[in-house]
Amino acid sequence: MMERPDLKQALGRLLGPAGPEVGCDECFDRLDRYVELEVAGRDADVALPGLRAHLDGCPACREEHESLLALVGGEQAL
Amino acid sequence: MSALSATVGFVESSGPLSTLAPSPVLDPDSREWLRCLHAEGATREDAVARLHALLLRAARFEVARRRPTLPHLRGDELDDIANEAADDALMSVLRRLDDFRGASRFTTWVYKFALLEAAVKLRKRAWQGREVPLEPESWALLSGGGLGPDAEAEQSELLSSLQSAIGDVLTPHQRRVLVALALNGVPIDVLADRLGSTRGALYKTLHDARRKLRAHLDEHGLSPEEM
């Protein structure tokens, strides 16, 4: 039904994730564990609930997650 | 203020703290890092130097990832930022060494400090000298234009209700924070710096504002997820 991706993105930024989420501080505390679970191919969202929702709602934490995943994932691939 | 100290506060705790419980056994590399960093004399000095090198590598990794978005910065300026980030991250890691519980490898744990410091510094540098808009620069993104007639009628009601709620339901502080972060694209660390706040506190404000807007839409029978 939603035909405009830019409108959908704008609504997403305004309304944030619908479900429960952790805060920035808790996200930072758990990010290393979350990334290692992801790199290992395990279900990080089951182990650390609420973190993915926070990454969806917080661009800064999301960028830092992407960087840590790229850095650690790159090392594991070597 | 270090970037780390800007990440204070929870929104909601949705998971058991047991997920942060220490591993029964640290991996050998992590155990060796801790042994050396808790030692004295040359052993510790050597470990701190190796730790700084590790943090600098991570900070440079972050700088390299963001370099395309910072064309106005010279290479030596970027390397200065990476070095400052590594220095600040080193202080944070040493201060919080006892917080490491072995939930990940030690190197993964320290990397996140360097990435955070570098990312925050680069966001602030990108906005240096720029005005931080706290009022809506444009409602164009929330216009229903360009949709088909049926979709436009349905969505225009939601968008109109949302725009009203931003003006009527939120506190002035919530409105400023929501508008700056979600509408105007101001990085949260930049806004925290300008308002003398922290990332965690601003995200809590944003979270509360979002909950109010969702509740308002719900009260009016409007669901963005169904659109």
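**Contacts and crossings in a two-chain model**

Student: Which residues does A118(B) touch, not counting residues up to four places away in sequence?

Tutor: A118(B) touches A59(B), E62(B) and A85(B) once those sequence neighbours are set aside. A contact means heavy atoms within 4.5 Å.

Student: Any ground rules for reading this?

Tutor: This is a predicted model, where local features need pLDDT of at least 70, side-chain atom pairs count only at pLDDT 80 or more, and totals for chains, interfaces and linings use all residues. Residues are numbered from 1 along each chain as its sequence is written, chains are lettered from A and ligands numbered from 1 in the order in which they are written, and side-chain values use heavy atoms, leaving out hydrogens and water.

Student: Back to A118(B). Is A118(B) buried or exposed?

Tutor: Buried, at 0% relative accessible area. Buried means under 20%, exposed over 50%, and partly exposed in between, with a 1.4 Å probe and protein chains only.

Student: And where is A118(B) in chain B?

Tutor: A118(B) is in helix 4 of chain B. Helices (H or I, at least four residues) and strands (E, at least two) are DSSP runs, numbered from the N terminus. E84(B) is 34 residues away in sequence, yet 8.1 Å away in space, C-alpha to C-alpha.

Student: At what angle do helix 3 and helix 4 of chain B cross?

Tutor: Roughly 135°, with the axes of helix 3 (residues 75-95) and helix 4 (residues 106-126) of chain B coming within 8 Å. That makes the two helices of chain B oblique. Axes are lines fitted to C-alpha atoms, for helices over the stretch in contact, and angles run from 0 to 180 degrees between N-to-C directions. Under 35 degrees is roughly parallel, over 145 roughly antiparallel, 65 to 115 roughly perpendicular, and the rest oblique.

Student: Which residues of helix 3 and helix 4 of chain B meet?

Tutor: Helix 3 of chain B brings residues including L78(B), I81(B), A85(B) and A89(B). Those of helix 4 of chain B include W109(B), F113(B), A114(B) and A118(B).

Student: What about helix 7 of chain B? Which residues are buried there?

Tutor: I188(B), D189(B), V190(B), L191(B) and A192(B) are buried in helix 7 (residues 188-195) of chain B. G196(B) follows helix 7 of chain B, with a positive phi near 65°.

Student: How does helix 7 of chain B cross helix 8 of chain B?

Tutor: Their axes come within 9 Å and cross at roughly 105°, helix 8 of chain B being residues 199-219. That makes helix 7 of chain B roughly perpendicular to helix 8 of chain B. R199(B), L202(B) and Y203(B) are the helix 8 residues met by helix 7 of chain B.

Student: Switch to chain A. How many helices and strands does chain A have?

Tutor: Five helices and zero strands. From the N terminus on, chain A runs α-α-α-α-α. Buried residues make up 54% of its 78 residues.

Student: Where is L48(A)?

Tutor: L48(A) is in the loop between helix 3 (44-47) and helix 4 (51-57) of chain A. L48(A) is buried, at 2% relative accessibility. The C-alpha atoms of L48(A) and L37(A) are separated by 9.7 Å, and the two are eleven residues apart along the chain.

Student: How many disulfides are there over all chains?

Tutor: Zero, by the rule used. A disulfide is a pair of cysteine sulfur atoms within 2.5 Å. For C58(A), the nearest cysteine sulfur is that of C61(A), 3.6 Å away. C58(A) is buried, at 1% relative accessible area.
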